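Student: Could you take me through the ligand site of this model in some detail? I would like to hear about the residues around the ligand, the contacts they offer and the pocket itself.

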Amino acid sequence: MADTNKAAVEVFEGDDLAVSLAKYVADLSNKFTSERGAFTVCLSGGSMLEYLRKLPEPPYLDSLEWSKWHVFWLDERVVPKTHEDSNYKLALDGLLCKVPIPPGNVYAINDALSPEGAADDYERRIKELVDKNVITLSPTSGFPKFDLILLGMGPDGHVASLFPGHPLVQENKRWVTFIKDSPKPPPERITLTFPVINACAYAALVVTGKTEADAIHSALGKSENPVKLPVALVSPEGELKWFLDKDAASKL
Ligand SMILES: O=C(O)[C@H](O)[C@@H](O)[C@H](O)[C@H](O)COP(=O)(O)O
């Protein structure tokens, strides 16, 4: 079961989830841009971008310090950036083309490389940003500490591209790794690893829909023999907040 002591769980109806998520991200943007002049955010694919739809709107469109944002992907499908399956494309169309984030602060994967090559390249680029102090390191674990990681969850309890029963769930050295047999298509992806996810300052888990209710129950409900789904391994050094809708929370 996830460490719910430090996790806040909120259940929303209708538009309230998107309204609350936008405020949560905006408050963190204000905090980090004023405290350290940068805000490092990791986006997920799937429905996450839909739930971020209120961010590129008033009052946030004109009030956030978008120029200080640095955008990464928690996981990315190894497809061309113009492909319908690309998480970059999803974020570009849903958010990035609507807000003034400098293109140089948007860290898409190199889509000309193999999954191995793209993961190595992404890790190397994160290391360069650690050297430049754009990304800090966790004093506890030595892994990169993103300011905010936005996670979705699949019905099987996967987060990022870390799937139940897959050896990548145990990866504890690499910052970024790759998968060629993802059970969720497309099969080739790169993903940040659990030590990186768990080094972050803030994490939001956004989960909606009836098909997710069992995995949510397994992670957050009271169960005698909890199965450790990947989602239950999200336990950041910082703060975790769950944004659920009524369907996802229906078995709690
Ligand atoms: O690229 C991906 O496939 C994702 O990053 C993945 O981890 C996603 O966040 C979940 O599968 C939830 O997807 P939904 O929000 O669409 O259910």
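**The ligand and its pocket**

Tutor: Gladly! Let's begin with the make-up of the shell: the residues around the ligand comprise two nonpolar, eight polar and five charged ones. Please keep in mind that this is a predicted model. In total, 15 residues surround the ligand, and the closest are Ser47, Asp75, His158, Ala160 and Lys184.

Now for some individual contacts, each to an oxygen atom of the ligand. Lys184 has a polar side-chain atom 2.7 Å from such an oxygen. Arg77 also places a polar side-chain atom by a ligand oxygen, at 2.8 Å. With Ala160 the backbone takes part: one of its N or O atoms lies 2.7 Å from an oxygen atom of the ligand. As for cover, the ligand taken alone exposes 420 Å², and the protein buries 88% of that.

Let's turn to the space itself. The ligand takes up the largest pocket, whose volume is about 260 Å³. This pocket is lined by 22 residues, and those closest to its centre are Gly45, Gly46, Gly152, Met153 and Lys184. Lys184 is thus a name to look for twice, being listed among the closest residues to the ligand and among the closest to the pocket centre. Strand 4 (75-77), strand 7 (148-152) and strand 10 (202-207) are the elements that each give two or more residues to the lining. By class, the lining of this pocket holds eight nonpolar, nine polar and five charged residues.

Terms used
Residues are numbered from 1 along each chain as its sequence is written. This is a predicted model: local features need pLDDT of at least 70, side-chain atom pairs count only at pLDDT 80 or more; totals for chains, interfaces and linings use all residues. Side-chain values use heavy atoms; hydrogens and water are left out. A residue is near a molecule or strand if one of its heavy atoms lies within 4 Å of it. A polar contact is a pair of N or O atoms within 3.5 Å; within protein, one must be able to donate a hydrogen and the other to accept it, and residues adjacent in sequence count only if both atoms are side-chain atoms. Accessible areas come from the Shrake-Rupley method with a 1.4 Å probe; for residues, only the protein chains shown count as cover. On a 1 Å grid over the protein atoms alone, a cavity is a set of points where a 1.4 Å probe fits but cannot get out, and a pocket is an open set with protein on both sides within 12 Å along at least five of seven lines; lining residues have an atom within 4 Å of a point. A molecule sits in a cavity or pocket if more than half of its atoms lie within 2 Å of its grid points. Ala, Val, Leu, Ile, Met, Phe, Trp, Tyr, Cys and Pro count as nonpolar, Asp, Glu, Lys and Arg as charged, and the others, Gly among them, as polar. Grid points are joined across faces, edges and corners, and a volume is the space filled by probe spheres set on the points. Helices (H or I, at least four residues) and strands (E, at least two) are DSSP runs, numbered from the N terminus.
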